[in-house]
Structures are given as structure tokens and as C-alpha cells.
Amino acid sequence: MSFSDMSPHLLLHTRHRWVLSEVALEGVAAYKYVCGSSTPLDRILNHFWNWAVQLLPLWLAPNLVTLLGLAFMMASAVLVVLTNPSLTEPLSPDVALFCAFSLFAYQTLDAIDGKQARRTGTSSPLGQLFDHGCDALNAVLICTVLAGAWRLGDHPWLMMVILFNIFFAFFMGQWEEYHTGLMMLNNGYVGVTEGQVVQIAILLVTATVDASFWETPLLQIGGVGKGESSGAAVLVVTVKAVTMAWGCLLTFWVSACSIHRVLLSGQARILPTEEVGGKILGRKVAVQHLLPVLLSFILGGMWTVGHGQHVFLDHPVGVLMALGLTMAYLSTRMIVCHMAKQPFGTSELALPVLPQLLVVFNTYWKHLPQTLYAAIIRPTGGGLLPLSDVVLMWAYVGLMAAVYFYYTLGATEDICSHLGLYCLSIYPRRKKAE
């Protein structure tokens, strides 16, 4: 029996809501997941996934399957940070191999949780939120693992490139579903599955060959025949640079296809009236919805590769957590707004961006033009700013962690209560005795 077949008196409804209104919860209850196209690799691996799901016991809740996959990735990220907190030392073969296995386990469990839900008759909108909410958090973890494998702790620009590519592509998938009702995350040729396979390959290479392999030069540009004393600039293109470039191009291709389908293609799906709800749609609004993530990355770049670069070099994991949790929060808000059929607006922009503005302002405080610096410092007496960059960074991490987990856990509890479900159990909630 599926949850849709249960009689209403079995469901538990409470008046207290954490983050979602009754209107939003009614929108979530009416949510219907519509999957877009798959890639050739998806169709090949689907045979393995169909076999793998049969190994799961029928009492195992689909969300527990998702959570188990996330636990593997959390363990691998923690292991990387504990063994290489600066993200500048070579990753040991054992750690790299465990990370590769964890990502494979995550990919498999993430692919079969929906199959387990259909197998047990427990499909619900909660599974969609839990699945993609875990994906948003996993993006932070995989960035950490890749930063360890590629030793990006002293390369803030490269770290920002990795972070932007992974999170922007993920956000674009949720953005496209909000405006078209279709979840794609691929362009018909490459997508999430291919990206994960490439990441697994990177970790396997790191585990089987010397970590310096990624620094192997493939091409030297400039400086040829000039002599060492000429001072000519030399650009050395390494294996790591080529791999990153190809990965970024493929990710940008996927994102560009999402932009084309939403803004330019005449084939964009027109949402039925019942799926629109309180959404505000249109091309202009769709562009505005991209501003929070773009502005957040611009501010993150100003902080990470500008005058605050020393903070990243000393505490790369802290900066990565701060920016990653910001992106995870924005992505999760987009997921919930789509499911609840609610507008994605200024509140999504203000909360993560305002603390970033404070961080950037504090970082650039002493680098302001002299006249502006004097005008600001005169009434304050110079006693308040600048704050400690490190203290402010960890405060930023703590704030975004609190906001992110409060929102995700609150939304999960609200939906569980409204639909009469337990998050990690296949058994429904029953109405409490009067």
C-alpha cells in the first residue's frame, strides 16, 4: 500500500510549522516529479542499479538509503581534512581509494533510492526533497575531496573554479525544474553521472600513481630560447590544468543547455496551472533568479582571491565550508520553492549575501581609498573595524551552517508532519490519541 492510499485519519497534522506555511505545504503535497531525458551512460548503468536495488531489504526506508550514501561521502571528506588539513599535501593512496569507493557508493545509493521507494510503495514528495537536499550537501563534500586530491589549498583561483562549476551546474538543474517542471541535470550526452565517473577516475588515478602525476607538464608556453635570465613569462600547462579545463567545459555545456531550454528554446515546457501555484515565472524573473548564486560567487571570489587570500591559504577548509554551505542553502531554497510552488525572491538573496558583504567589507577595510577610509574611521574612532579575519570566517561558517541545517531540517519536519510520514521509516505516522 502506498501512502497515497492511506485514509486521512491516519495522518498527523500539527499547527506548529518550522519554515513552511500551510499554503507551501499544500503545494508540496501536490508536487509531481517529472524526470527529463537520460544519458547513454545512465541507461547502461541502470541495469546495474536495477540489480543493486534488489539487494536491499523491503523494510529499509528510501531516505535511509540516501542518507547512507551521504554518510560515505562525509566520511571521505572528514578523512581528507584530518589527514591533509592544509589541502596542499599529497593524498595517500589509501585515502584516495576510500574516497573513490565512497563516491561510487554514493552514486549507486543515490540512483537506487527512488527505485527502493517505488519497490516499497513509499514514494512521496519528501523523498525528492531529501534526495536533492543531500545532493546539495554532497557538492560541498566532493569539492573538499577533489581539493585534497589536486592539492588546491594554495590555489584559491582553482578552488573557486571547481566550486563554481560544481555548484552552478547543480543550481541550474533546480532552476530549470522550477521554470519548466522537468528535472534534467544533463544535456542528453553528459550530466551528473558522467561527472561522478570522471571524479571517481581522478581519485583512482591519485590512488594508483604518484600524486605528482597531476603536476606533470604537457605544454610550455613562452620562454623558449630566451634564456633563464631573460625574464620571459613561462606558462606550464599540466595534466591537472587540462583535466580541469575539460571538466569545466563539459559542465558549462550542461549549464548552457539549461539556459537555452529556459530562456531561448521554443520547446520549453509550459507548466499547467496547477503546477504554477504561487510561482512568479517568465524570462526576466528566471534571469533574476540567477542573481543570488552569481552575486554570492562574485563576493566569494573577492574574498578568496583578493585581499583576503591569506585567510584561504591559512584555512582553506573553513573558506570552502563557508562558500559551499552558502551555495547548498541557495540550491535547497530553490528546490523547496519549486516543490511548494512558491516564489524564489529577495529573502533567498539577502540572507547569504549580507554576511558575505560584511566579510568582504572587513577584508577590504584598510584598502579603501584614503579619503573614504578617513571619513568612516573618524566617527567610529577605528575601534570596531577591522575584525579578525579568521574569527569572522568561522563566524560566517557557523552562521551558514545554522541557517542551512535549520532550514533543511525544519522543511523536512514540516513536510513529514503534513504528509503523515517519518523521514527515516517506511511506516506512516498515526494520529495521536485524543
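# A walk through a helical model

Arg151 sits in the loop that joins helix 5 (125-149) to helix 6 (156-180). This is a predicted model, and Arg151 makes a handy starting point. Its phi is near 50°, a positive value in a residue other than glycine. Most residues other than glycine have a negative phi. Is Arg151 buried or exposed? Arg151 has a relative accessibility of 18%, so Arg151 counts as buried. The cut-off for buried is under 20%.

Another loop holds a similar case. Lys341 is found between helix 13 (316-340) and helix 14 (346-364). The phi of Lys341 is near 60°, again positive in a residue that is not glycine. Lys341 is buried, because its relative accessible area is 7%.

Glycine can be found with a positive phi here too. Look just after helix 16, where Gly420 has a phi of about 75°. Helix 16 itself covers residues 389-419, which makes 31 residues. From its first C-alpha to its last, helix 16 reaches 45 Å. That is close to the 45 Å expected at 1.5 Å a residue.

Now step back to the whole chain. The protein has 16 helices and 2 strands. Its 434 residues include 50% that count as buried. About 20500 Å² of the protein is exposed, and carbon and sulfur atoms supply 68% of that area. Next, take the contacts between residues at least 6 apart in sequence. Of these, 81% join residues at least 24 apart.

What lies inside? The largest nonpolar core has 98 residues. Trp175 and Trp303 have the most contacts inside this core. Helix 13 gives the largest share of the core, 16 residues. Apart from this core lies another, of 8 residues. Trp49, Leu56, Leu109 and Ile112 are among its members.

Trp303 deserves a closer look. Which residues does Trp303 touch, leaving aside its neighbours within four places in sequence? The partners are Gly308, Gln309, Val311, Val319, Ala322, Leu323, Val359, Val360, Thr363, Met393 and Tyr396. Find Met393 and Tyr396 in that list of contacts, then look back at helix 16, which runs over residues 389-419.

Charged side chains pair up as well. How many salt bridges are there? The count comes to 2. One joins Glu176 and Arg261, with the closest N and O atoms 2.5 Å apart. This pair links distant parts of the chain. Glu176 is in helix 6, Arg261 is in helix 8 (residues 239-264), and 85 residues separate them in sequence. Glu176 has a relative accessible area of 2%, so Glu176 is buried. Arg261 counts as buried too, because its relative accessibility is 19%.

The other salt bridge is formed by the side chains of Lys240 and Glu215, at 2.9 Å from N to O. This pair also links distant parts of the chain, 25 residues apart. Lys240 belongs to helix 8. Glu215 lies in the loop between helix 7 (192-208) and strand 1 (217-221). Is Lys240 buried or exposed? Lys240 counts as buried, because its relative accessibility is 4%. Glu215 has a relative accessible area of 33%, so Glu215 is partly exposed.

Go back toward the start of the chain to find Tyr33. Tyr33 is in the loop between helix 1 (22-29) and helix 2. Its relative accessibility is 42%, so Tyr33 counts as partly exposed. Tyr33 and Pro125 are 92 residues apart along the chain, yet 7.9 Å separates their C-alpha atoms. Leaving aside neighbours within four places in sequence, Tyr33 is in contact with Gln128, Glu177 and Met183.

Last comes the surface. Which residues form the nonpolar patch there? They are Phe48, Trp51, Leu55, Phe98, Phe101 and Phe104. Together these residues have about 600 Å² of accessible area. Two elements, helix 2 (40-53) and helix 4 (93-120), give two or more residues to the patch. Helix 4 supplies the largest share, 3 residues. In an α-helix, residues three or four places apart point the same way, because there are 3.6 residues a turn. Phe98 is found in helix 4. At 30% relative accessibility, Phe98 counts as partly exposed.

Technical notes
Residues are numbered from 1 along each chain as its sequence is written. This is a predicted model: local features need pLDDT of at least 70, side-chain atom pairs count only at pLDDT 80 or more; totals for chains, interfaces and linings use all residues. Side-chain values use heavy atoms; hydrogens and water are left out. Helices (H or I, at least four residues) and strands (E, at least two) are DSSP runs, numbered from the N terminus. The expected span of a helix is 1.5 Å times one less than its number of residues. Patches are made of residues with over 30% relative accessible area and no salt bridge: like charges are joined within 9 Å, nonpolar side chains (Val, Leu, Ile, Met, Phe, Trp, Tyr) within 5 Å. Accessible areas come from the Shrake-Rupley method with a 1.4 Å probe; for residues, only the protein chains shown count as cover. A salt bridge is a side-chain nitrogen of Lys or Arg within 4 Å of a carboxyl oxygen of Asp or Glu. Buried means under 20% relative accessible area, exposed over 50%, partly exposed in between (1.4 Å probe, protein chains only). A nonpolar core is a set of buried Ala, Val, Leu, Ile, Met, Phe, Trp, Tyr and Cys residues joined through side-chain atoms within 4.5 Å. Contact means heavy atoms within 4.5 Å.
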